[in-house]
Structures are given as structure tokens and as C-alpha cells.
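Let's take a friendly walk through one part of this protein. Have the sequence and the 3D view open as you read.

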Amino acid sequence: MIQVKLFDYEHEKDLEQEMNEFLQELDERQIIDIKYNVAALVDPDEEQIYCFTGMIIYREKKS
């Protein structure tokens, strides 16, 4: 069965750490694809906000 794991962080290092920890749980043959996106916006107080997201698409291990 194909599964996805989503990640969403304000700092790229947090995203990197969490995705790497999850990837350690998988066998390389399970990984189908990895997606990455960055969004930047300015809030009403004119503070710049970043959103770093990642998605790992993988095959679930058969029991």
C-alpha cells in the first residue's frame, strides 16, 4: 500500500531533521518520491513568514 508522510515547519532545519529521522525508519526500496516546497508571505504586521513543507511518498512494509 502506498502511503504519504507530511511535514510542515517554520524553519528549514526543523524540516530537515524530522524528515531525516523518518527516512531512517524506512528501507531505501520503500521510498517512491520526496517533495519539497517553500512558501513566503507577509503578515499584517509586515513580518515575513516562511513555511517549509515536505512530503515523503513510500510503500508500506508488508507484514
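The paragraphs below follow a strand, a surface patch and a loop.

Please keep in mind that this is a predicted model. A good place to begin is strand 2, which covers residues 31-42. Valine 38 sits in this strand. Is valine 38 buried, partly exposed or exposed? Its relative accessibility is 38%, and because partly exposed covers the range between under 20% and over 50%, valine 38 counts as partly exposed. Valine 38 also has company at the surface: together with Tyr36 and Tyr50 it makes up a nonpolar patch. The accessible area of these three residues together is about 300 Å².

Alanine 39 belongs to strand 2 as well. With 31% relative accessible area, alanine 39 is partly exposed too. Which residues does alanine 39 touch, once neighbours within four places in sequence are set aside? The contacts are Ile49, Tyr50 and Cys51. Tyr50 is thus a name to remember, being a contact of alanine 39 and a member of the nonpolar patch. For a sense of distance, look at isoleucine 57: it is 18 residues from alanine 39 in sequence, and their C-alpha atoms are 20 Å apart.

Now move on to the loop between strand 2 and strand 3 (48-59), where you will find aspartate 43. This aspartate is buried but has no salt bridge. Where is the nearest side chain of opposite charge? That side chain belongs to lysine 13, 24 Å away. Aspartate 43 does have a polar partner within the backbone: a polar atom of its side chain lies 3.0 Å from the backbone nitrogen of aspartate 45.

Note on methods:
Residues are numbered from 1 along each chain as its sequence is written. This is a predicted model: local features need pLDDT of at least 70, side-chain atom pairs count only at pLDDT 80 or more; totals for chains, interfaces and linings use all residues. Side-chain values use heavy atoms; hydrogens and water are left out. Patches are made of residues with over 30% relative accessible area and no salt bridge: like charges are joined within 9 Å, nonpolar side chains (Val, Leu, Ile, Met, Phe, Trp, Tyr) within 5 Å. Accessible areas come from the Shrake-Rupley method with a 1.4 Å probe; for residues, only the protein chains shown count as cover. A salt bridge is a side-chain nitrogen of Lys or Arg within 4 Å of a carboxyl oxygen of Asp or Glu. Helices (H or I, at least four residues) and strands (E, at least two) are DSSP runs, numbered from the N terminus. Buried means under 20% relative accessible area, exposed over 50%, partly exposed in between (1.4 Å probe, protein chains only). Lys and Arg count as positive and Asp and Glu as negative; His and the chain ends are not counted. A polar contact is a pair of N or O atoms within 3.5 Å; within protein, one must be able to donate a hydrogen and the other to accept it, and residues adjacent in sequence count only if both atoms are side-chain atoms. Contact means heavy atoms within 4.5 Å.
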